[in-house]
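User: Could you take me on a close look at one part of this model? I would like to follow a single partly exposed spot and then see how the rest of the fold is put together around it.

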Amino acid sequence: MAAHGYLAFAMDYHGGETFFGRPEAMLARCMPLLADVERMQAIGRAALNVLLATPGVDPDRLAALGYGTGGRIVLELARTGVPFKAIAVVHPALPPASADDWTDVTSAFLLCTGSEDPLCTPEQVLTFGRALQAAGIDWRVNIYGGAKHAFWARPTNPDGSPAAGTTHTDATVPGVGYHPEHSVRAWQAVLDLISETLPAKSPKS
């Protein structure tokens with residue numbers, strides 16, 4: 001995002017720990033977090049406060065992007081009333097689909113998932129989309145044919161360098177697979193949403 005001219009802040013909701021190659025540890029970390037709405041909101045708010053305290057940040061021009069558990073945290077933060085102009089979530093852990101939760105939200109939504117994602121299925125996304133529709137939200141869904149969960153995550157070698165092919169060499173949760181074409185397409189969809197909702201400011205004279 002920074003390379004495209006935006007002031008970007010990346011939230012680390014794992015507190016510096018990484019879980020590459022440790023799917024059981026990752027699930028043990030994420031599943032209790034996903035079950036605790038207040039904790040997700042508190043983590044998201046703490047990150048947002050850091051961003052808002054950064055010089056140059058315009059609180060009237062905020063957008064949020066989240067993948068997986070991060071996408072759920074973004075959604076929970078939006079439900080607290082944060083005035084994001086745009087929200088993009090890629091294979092998120094979706095909250096219960098209730099229109100009442102979104103009636104006061106004015107963000108434009110983008111939801112991306114793969115047709116073969118067992119953790120964020122097209123059916124779940126469309127059910128959630130119907131709740132957004134009932135709430136009067138500007139929303140869109142991209143479903144990528146043949147893509148699995150975390151289809152944007154390129155496989156790596158043990159030393160962290162990119163690996164050839166689409167199969168992950170490290171252990172991971174079931175249903176994960178890299179799809180190079182859809183990875184590019186989803187990222188472009190995110191950029192399109194942000195540029196549409198947060199157009200570049202005119203230079204000051």
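Analyst: Happy to. Let's begin with Glu196, which is partly exposed, with 47% relative accessible area. Please keep in mind that this is a predicted model.

Glu196 has a salt-bridge partner in Arg140, and their closest N and O atoms are 3.2 Å apart. This pair joins distant parts of the chain: Arg140 sits in strand β4 (residues 138-144) and Glu196 in helix α5 (residues 180-197), with their positions 56 residues apart. Arg140 also forms a salt bridge with Asp138, where the closest N and O atoms are 3.9 Å apart. As for exposure, Arg140 has a relative accessible area of 24% and is partly exposed, while Asp138 counts as partly exposed at 43%.

From Arg140 we can step into the sheet. Four strands make up an open sheet in the order β1-β2-β3-β4, with parallel pairing. β4 and β1 (63-67) stand at the edges with a single partner strand each, so one side of each has no neighbour in the sheet. From one strand to the next, the twist averages 10 degrees. At the β1 end, β1 and β2 pair in the parallel sense over 5 bridges, and Leu65 stands opposite Ala88 in β2.

Helices pack against these strands. Helix α3 touches β1, β2 and β3 (108-114), and its direction makes about 145 degrees with that of β1. Helix α4 (residues 122-134) lies across β3 and β4 and runs at about 170 degrees to β3.

A good residue to look at inside the sheet is Val89, in strand β2 (residues 86-90). Val89 counts as buried because its relative accessibility is 0%. Leaving aside residues up to four places away in sequence, Val89 touches Gly66, Gly71, Val74, Leu75, Leu110, Leu111 and Cys112. One of these, Leu111, is 22 residues from Val89 in sequence, yet the two C-alpha atoms are 5.1 Å apart in space.

Now to the other neighbour of α3. The axes of helix α2 (residues 37-52) and helix α3 (residues 69-79) come within 8 Å and cross at roughly 85 degrees. The two helices are therefore roughly perpendicular to each other. On the α2 side the contact is made by Val37, Met40, Gln41, Gly44, Arg45 and Leu48, and on the α3 side by Arg72, Ile73, Glu76, Leu77 and Arg79. Sorted by class, this contact of α2 with α3 has 5 nonpolar, 2 polar and 4 charged residues.

Two of those contact residues deserve a second look. Glu76 and Arg72 both lie in α3, 4 residues apart, which is about one turn of the helix. Their side chains meet in a salt bridge of 2.7 Å, N to O. Side chains of opposite charge can pair when their charged atoms come close. Glu76 counts as buried because its relative accessibility is 0%, and Arg72 counts as buried at 7%. The pairing reaches further too: Arg72, Glu76, Arg79 and Asp101 are linked in a network of salt bridges.

To put these pairs in context, the structure holds 6 salt bridges. Among them are the one between Glu196 and Arg140, where we started, and the buried pair in α3, made by Glu76 and Arg72.

Notes: Residues are numbered from 1 along each chain as its sequence is written. This is a predicted model: local features need pLDDT of at least 70, side-chain atom pairs count only at pLDDT 80 or more; totals for chains, interfaces and linings use all residues. Side-chain values use heavy atoms; hydrogens and water are left out. Axes are lines fitted to C-alpha atoms, for helices over the stretch in contact, and angles run from 0 to 180 degrees between N-to-C directions. Angles under 35 degrees count as roughly parallel, over 145 as roughly antiparallel, 65 to 115 as roughly perpendicular and the rest as oblique. Contact means heavy atoms within 4.5 Å. Ala, Val, Leu, Ile, Met, Phe, Trp, Tyr, Cys and Pro count as nonpolar, Asp, Glu, Lys and Arg as charged, and the others, Gly among them, as polar. A salt bridge is a side-chain nitrogen of Lys or Arg within 4 Å of a carboxyl oxygen of Asp or Glu. Buried means under 20% relative accessible area, exposed over 50%, partly exposed in between (1.4 Å probe, protein chains only). Two strands pair if DSSP finds at least two bridges between them.
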